[in-house]
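Subject: The two-chain model

Hi there,

Here is the structure I promised to send over. Please open it next to this message, and my notes follow below.

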Amino acid sequence: MSAQEAPVIEAVGLVKRFGDFTAVDDVSFEVPKGSVFGLLGPNGAGKTTIVRMMTTLAIPTRGSARVAGHDVVTEPEAVRASMGLTAQSATVDDLLTGRENLRLIGDLYGLPRKVVRSRADELLERFSLDESGDKVVKDYSGGMRRRIDLAVSLIAAPAVLFLDEPTTGLDPRSRVELWDVLRGLVRDGTTLLLTTQYLDEADQLADTIVVIDHGRIIAQGTPLELKDQSGAASLVVTVSRHDQVQQAAALLRGVVGDIHVDADARKLTAPAGDVAALASIAGRLDEAGIDVDDLGMQRPSLDDVFLALTGHKAEETTNEEVPA
Amino acid sequence: MSAVTQTAVLDRTAPRPTGAGQVRQILTLVRRNLTHIKRQPEMLTDVTIQPVMFVLLFAYVFGGSINVPGVDYKPWLLPGIMAQTIAFSAFIVAIGLNTDIGKGMVDRLRSLPIRRSSILVSRSIAALIHSSIGVAVMSVTGLFIGWRVGEGVLRGLLGYGLLLLFGFAMIWVGILVGSAMRSVEAVNGLMFTTIFPITFLSNAFARTDVMPSWLRTMAEWNPISALTQALRDNWGVAGAAVRADAPWPLQNPELATIIWSLAITALIAPLALRAFNNRTTD
């Protein structure tokens, strides 16, 4: 393999045990330069432990990993110098201003002072934080905190960026904004490894997704491939009045065929369906005089992926296989 | 945000990180801790208002009842409260370190190309500065209640040097407690039920002569007593003289303070480093 083709992030047979508990079990993957790699899985699946091993914060029980060509166990300093980490909880200093946080980490990276100053200003501007740069982080909103946290990880222009659940706890708008920022980084050639609990996030950002459950890889592929495995979107109608549920059900069957009716919740679920079907159904319900509380497409969730991949839901697997 | 999607966020032609020299790492982190004090000056109450309050409480409320024959209690008390204040350096380190570990700040620092020891050294220096502010406030307070450095500049400085040395030893206790405890509340609980009474079980607030013999033995061998005695001797505080049969540490308080400081460091430092490494490695 030539130097150019060598993966920027590489894990080979990673195992991490805490006592009797195996948090990560024989995980291998490769991330090519400039691509986005998504680790998808429920809470406790081992995603954070994988990130901690890749970023030298945890030592693998077995197996090895390389980041930017450096072994995480034998060359941790070189790994640290070439990567940035945005941990699960935004680890910025609440009592420092955004600018001070950037300069703190830049100084610790050993960058020349002038470079630290100019990069800090540049990052504040790029992350729409220039007006809040001299406010203490304690007074930031959740979205601003996440952005400054990410900006701090970028102060040394790392070739590789690890993001552990970067959008957990963010409102939808801040989430979309952060996705834009991450896409910008990728365009600049940064290699990203991110963990997420949300299929749509992995779908939006990742070139390759690995689904993790109980520390094991249970599926791997592009977002499209995974969604194919987990079934298409479904169409959900919530009828306003109980006495119209059956009427609506009959109407829906006429359009999409087999449907599922939850009479108590006044909820009708139809498989598949596209936006055209959605529009046509909306029109027919209206013509028939059926009042509707909600009508929309439901995309496959992480649960659906798990259901498709493992035959049971994420929560159920968690209960079944809890270590003794 | 839109700017992000259109222009390069990062300029990769700029210098690559090399890892700062350790001195720069430490200074950078010390500055961070001092900025905390600047932003939250109430952090200093433990070394300012609290000891001043103690001086006033003991000097004016209990002072009349605490019998130190033929001696003005207030200037006699002051070195004891300074010794207590410096012992609380352990408290300051433990709270700060525990908070940084709990909030993930230590992990962030460990993910950088810096030496792990910089994290501890900077914490320790910041704590010593924090405590020294307290000692300075105490000194000024002392001037108002009749305390003076009466044995010359050199012996005066020796006193302050011994305070710092003992503070250095107590910092290891702080690193141990801060690394081993699971929460700031646990740190508070442990420190208040140990360091606090230990500083009272000494000659800092009352003469040991009149204590029951078992208590007197404990109090006179307490490192706080040696330090307090050394301060009283070197600052020429009236009533500093100890009785002829006082144990060795009170007869040789400077040397005793040095030995105690080295012994505490030798015993606690390895445990503290192990606790910190265990806590921050998995």
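Four helices of chain B, namely α2 (22-39), α5 (89-102), α7 (116-144) and α9 (184-200), each give at least two residues to the lining of the largest pocket. Of these, α5(B) provides the largest share, with 7 residues. The lining comprises 33 residues in total, and those nearest the pocket's centre are His36(B), Met43(B), Ile95(B), Gly96(B) and Thr99(B). Sorted by class, the lining holds 15 nonpolar, 9 polar and 9 charged residues. The space inside the largest pocket comes to about 770 Å³. Please keep in mind while you look around that this is a predicted model.

Next, the interface. How many residues does each chain bring to the contact? Chain A contributes 58 residues and chain B contributes 40 residues. The size of an interface is often given as the accessible area lost when the parts come together. For chain A and chain B, that buried area is about 4,400 Å², with 54% of it on carbon and sulfur atoms. If you want a place to start on the chain A side, try Leu95(A), Leu108(A) and Arg126(A): these supply 16% of the area that chain A buries against chain B, more than any other three residues.

There is plenty for a fan of charges and polar groups, too. Between chain A and chain B there are 7 salt bridges. One of them joins the side chains of Lys103(B) and Asp94(A), at 3.7 Å from N to O. Residue pairs in polar contact between the two chains number 14, counting pairs with both residues at pLDDT 80 or more.

Which elements of chain A give two or more residues to the side that touches chain B? They are β1 (9-18), α2 (76-82), β6 (83-86), α3 (98-109), α4 (113-126), α5 (142-153) and α6 (172-187). The largest share, 7 residues, comes from α4(A). By class, this side of chain A has 29 nonpolar, 10 polar and 19 charged residues.

Finally, two backbone details in chain A. Asp26(A), in strand β2 (residues 21-31), has a phi near 55°, a positive value in a residue other than glycine. Glu165(A) also has a positive phi, near 45°, and sits in the loop between β7 (160-164) and α6 of chain A.

Happy browsing, and write back with any questions.

Best wishes

Methods: Residues numbered from 1 in each chain as written. Chains lettered and ligands numbered in written order. Predicted model: local features only at pLDDT ≥ 70, side-chain atom pairs only at ≥ 80, totals over all residues. Heavy atoms only, no water. Contact = heavy atoms within 4.5 Å. Buried area = accessible area lost by both parts, 1.4 Å probe. Salt bridge = Lys/Arg side-chain N within 4 Å of Asp/Glu carboxyl O. Polar contact = N/O pair within 3.5 Å; in protein donor to acceptor, adjacent residues only side chain to side chain. Nonpolar A, V, L, I, M, F, W, Y, C, P; charged D, E, K, R; others polar. 1 Å grid on protein atoms, 1.4 Å probe; cavity = no way out; pocket = protein on both sides within 12 Å on 5 of 7 lines; lining within 4 Å. Points joined across faces, edges and corners; volume = space filled by probe spheres on them.
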